[in-house]
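Colleague: Could you pick one small part of this model and look at it closely with me? After that, I'd like to see how the rest fits around it.

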Amino acid sequence: MGIYVFNAKAMDDCLSNELTDFGKEVIPAAINKLKVNAYLFDGYWEDIGTIKNFYDTNLELTTLKPRFDFYDEHKPIFTHMRNLPPSKMNFSNMNQSIAAEGCIITNANITNSIVGIRTIIETGSSLNGVVCMGADYYETEIQKNQNAEARIPNVGIGRGAIIKGAIIDKNVCVGEGCRIGVDDIKRTDGNYGHYYIVDGIIVIPKNTILYPGTVI
């Protein structure tokens, strides 16, 4: 495939505007006003510009032999350090799944899923085909007590929650006994206020609160 390249100043000029899509907007605009070259790129490439592509590409990383290998010693992957503790699994079953740093997973079943940074998953929960983005912070005991008084679930996945075929964005509070994507419910794409369905994938937006017993 062809990848268009610019010098650093030209790249800055191309990005200093309101354009958002690289392939559909930024590159065509650059072609019209700059000297643009191309070269043959035959490595790994996926466009994650849609919900479905984002979902499928992320979950492919959990397969036994993904096309993109995080663990290739000849092509190491680096990221910025967060200085978080390693993830802790308490009496849990994880199958073809990835957990980021700082997670605490207790007595849960995780299959073909990605568990993002600082995710707290309580006992009895089940995730299958889930991209869970994690959390930006840990809640303090004071905050958890305030949540209990306000009858708001804590950030993370509550006790006994069952989730399938979904993207859970950051800082989402999934209450005890919630059921997402598992019941025999007719689901059509659309905006449902506190969640979306896109290409059949349930998307829970950032900072959403799903109260105990919610069924989606």
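Modeller: Let's start with a rule: two strands count as paired if DSSP finds at least two bridges between them. Keep in mind, too, that this is a predicted model. The part I'd zoom in on is the hairpin made by strands S16 and S17, which has 2 residues between the strands. S16 covers residues 196-198, and S17 covers residues 201-204. The two run antiparallel and are joined by 3 bridges. One pair to find on your screen is Tyr196 with its bridge partner in S17, Val203. At the turn, look for Asp199, which takes a positive phi near 55°.

Now follow the side chains along S17. In a regular strand, they alternate between the two faces of the sheet. You can see that here: Ile201 and Val203 point one way, while Ile202 and Ile204 point the other way. Whichever way they point, all of these residues are buried.

S17 has another neighbour as well. It pairs with S12 in the parallel sense, over 3 bridges. Here Ile168 has Ile204 as its bridge partner in S17. So the strand to keep your eye on is S17, because its side chains point both ways and are all buried.

Just past S12, there's a nice contact to look at. Lys170 forms a salt bridge with Asp136, with the closest N and O atoms 3.0 Å apart. Lys170 sits in the loop between S12 (162-168) and S13 (173-174), and Asp136 sits in the loop between S10 (126-134) and helix H4 (141-150), so the pair ties together parts that are 34 residues apart in sequence. Both ends are partly exposed, with a relative accessible area of 24% for Lys170 and 35% for Asp136. The general idea behind such contacts is simple: side chains of opposite charge can pair when their charged atoms come close.

The count comes to 8 salt bridges, so let me show you two others. Arg179 forms one with Asp183, at 2.9 Å between the closest N and O atoms. Arg179 is partly exposed at 29% relative accessible area, and Asp183 is partly exposed as well at 24%. Elsewhere, salt bridges with shared partners join Glu46, Glu60 and Arg67 into one network. Within that network, the side chains of Glu60 and Arg67 meet at 2.8 Å, N to O. The two ends contrast: Glu60 counts as buried at 19% relative accessibility, whereas Arg67 is exposed at 53%.

What about the cysteines? There are 0 disulfides. Take Cys132: its closest cysteine sulfur is in Cys103, 7.9 Å away, which is too far for a bond. Cys173 is in a similar spot, as its closest cysteine sulfur, in Cys178, is 10 Å away and too far for a bond. Cys132 is buried, with a relative accessible area of 5%, and Cys173 is buried too, at 7%.

Cys132 also leads us to the empty space. There is 1 cavity of 30 Å³ or more, and it holds about 60 Å³ of space. Its lining has 13 residues, and Thr119, Cys132, Gly134, Gly156 and Val172 lie nearest its centre. The elements giving two or more residues to that lining are S10 and strand S11 (156-157). By class, the lining has 7 nonpolar, 4 polar and 2 charged residues.

The largest pocket has a volume of about 870 Å³. It is lined by 25 residues, with Leu61, Phe70, Ile98, Ala100 and Ile114 nearest the centre. Helix H3 (51-60), S5 (98-99), S8 (114-117) and S10 each give two or more residues to this lining, and S8 gives the most, with 4. Nonpolar residues account for 18 of the lining residues, next to 4 polar and 3 charged.

Zoom right out to finish. The protein has 4 helices and 18 strands, and its C-alpha atoms fill a box of roughly 60 × 40 × 35 Å along the principal axes. Of the 216 residues, 31% are buried, including Ile201, Ile202, Val203 and Ile204 in the strand we began with.

Key. Residues are numbered from 1 along each chain as its sequence is written. This is a predicted model: local features need pLDDT of at least 70, side-chain atom pairs count only at pLDDT 80 or more; totals for chains, interfaces and linings use all residues. Side-chain values use heavy atoms; hydrogens and water are left out. A salt bridge is a side-chain nitrogen of Lys or Arg within 4 Å of a carboxyl oxygen of Asp or Glu. Buried means under 20% relative accessible area, exposed over 50%, partly exposed in between (1.4 Å probe, protein chains only). A disulfide is a pair of cysteine sulfur atoms within 2.5 Å. On a 1 Å grid over the protein atoms alone, a cavity is a set of points where a 1.4 Å probe fits but cannot get out, and a pocket is an open set with protein on both sides within 12 Å along at least five of seven lines; lining residues have an atom within 4 Å of a point. Grid points are joined across faces, edges and corners, and a volume is the space filled by probe spheres set on the points. Ala, Val, Leu, Ile, Met, Phe, Trp, Tyr, Cys and Pro count as nonpolar, Asp, Glu, Lys and Arg as charged, and the others, Gly among them, as polar.
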